[in-house]
Amino acid sequence: REVDSLNLTDWVGRRSLWGIDADTHSHGGNVLMAATHIGAAFSKVIFLSCPVHWTKYHPAPQSIAVAVSIHINFDFVILADRAGQRFPSASRISENILPKWFTGHDASWQPHTWKTQNLDRFL
């Protein structure tokens, strides 16, 4: 993840895309948060089923203008990773919990879920 955060920061920098919007899934969210500590900044970020390892992965202050987390009520993949299911309330990351229990880790990015839960409103 550390190498990927360096690659993400380099990719954004080479293209002068500072302040872009980004959607992440799972540990991609942790990669993005790590990238904010080495210079990457984003306008809006949507974290889909992101395992919360807050002490290790959290956004740098003022590095993300708007952050939204979308996930199911309880994700066994996140549990197996020994991660938290939700971001701390002080994180300024808006939590949106899907009305689904024990479904797949991929439920948050499935087109059917986006359509039935009207998730386009977060874009």
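Three aromatic pairs are present in the structure, which is a predicted model. A pair of aromatic rings is described by the distance of the centres and the angle of the planes. For F47 and F87, the ring centres lie 5.5 Å apart and the planes meet at 45 degrees, so this pair is classed as tilted. The contact joins distant parts of the chain, as the two residues are 40 residues apart: F47 belongs to strand β2 (residues 42-48), whereas F87 is located in the loop between α3 (76-80) and β4 (93-97). F47 has a relative accessible area of 0% and is therefore buried. F87 is likewise buried, because its relative accessibility of 6% falls under the 20% cut-off.

A further pair is formed by F74 and F76, with ring centres 5.4 Å apart. The planes of F74 and F76 stand at 85 degrees, which exceeds the limit of 60 degrees, so the arrangement is edge-to-face. F74 is partly exposed at 25% relative accessibility, and F76 is also partly exposed, with a relative accessible area of 46%. Ring pairs also connect F47, W54 and F87 into a cluster.

The largest pocket encloses about 220 Å³ of space. Its lining comprises 15 residues, of which P59, A60, I64, S91 and R92 are the closest to the pocket centre. Strand β3 (residues 64-71) supplies the largest share of this lining, with four residues. By class, the lining of the largest pocket consists of ten nonpolar, four polar and one charged residues.

Terms used:
Residues numbered from 1 in each chain as written. Predicted model: local features only at pLDDT ≥ 70, side-chain atom pairs only at ≥ 80, totals over all residues. Heavy atoms only, no water. Phe/Tyr/Trp six-rings, centres within 6.5 Å; stacked < 30°, edge-to-face > 60°. Buried < 20%, exposed > 50% of the residue type's maximum accessible area, 1.4 Å probe, protein only. 1 Å grid on protein atoms, 1.4 Å probe; cavity = no way out; pocket = protein on both sides within 12 Å on 5 of 7 lines; lining within 4 Å. Points joined across faces, edges and corners; volume = space filled by probe spheres on them. Nonpolar A, V, L, I, M, F, W, Y, C, P; charged D, E, K, R; others polar.
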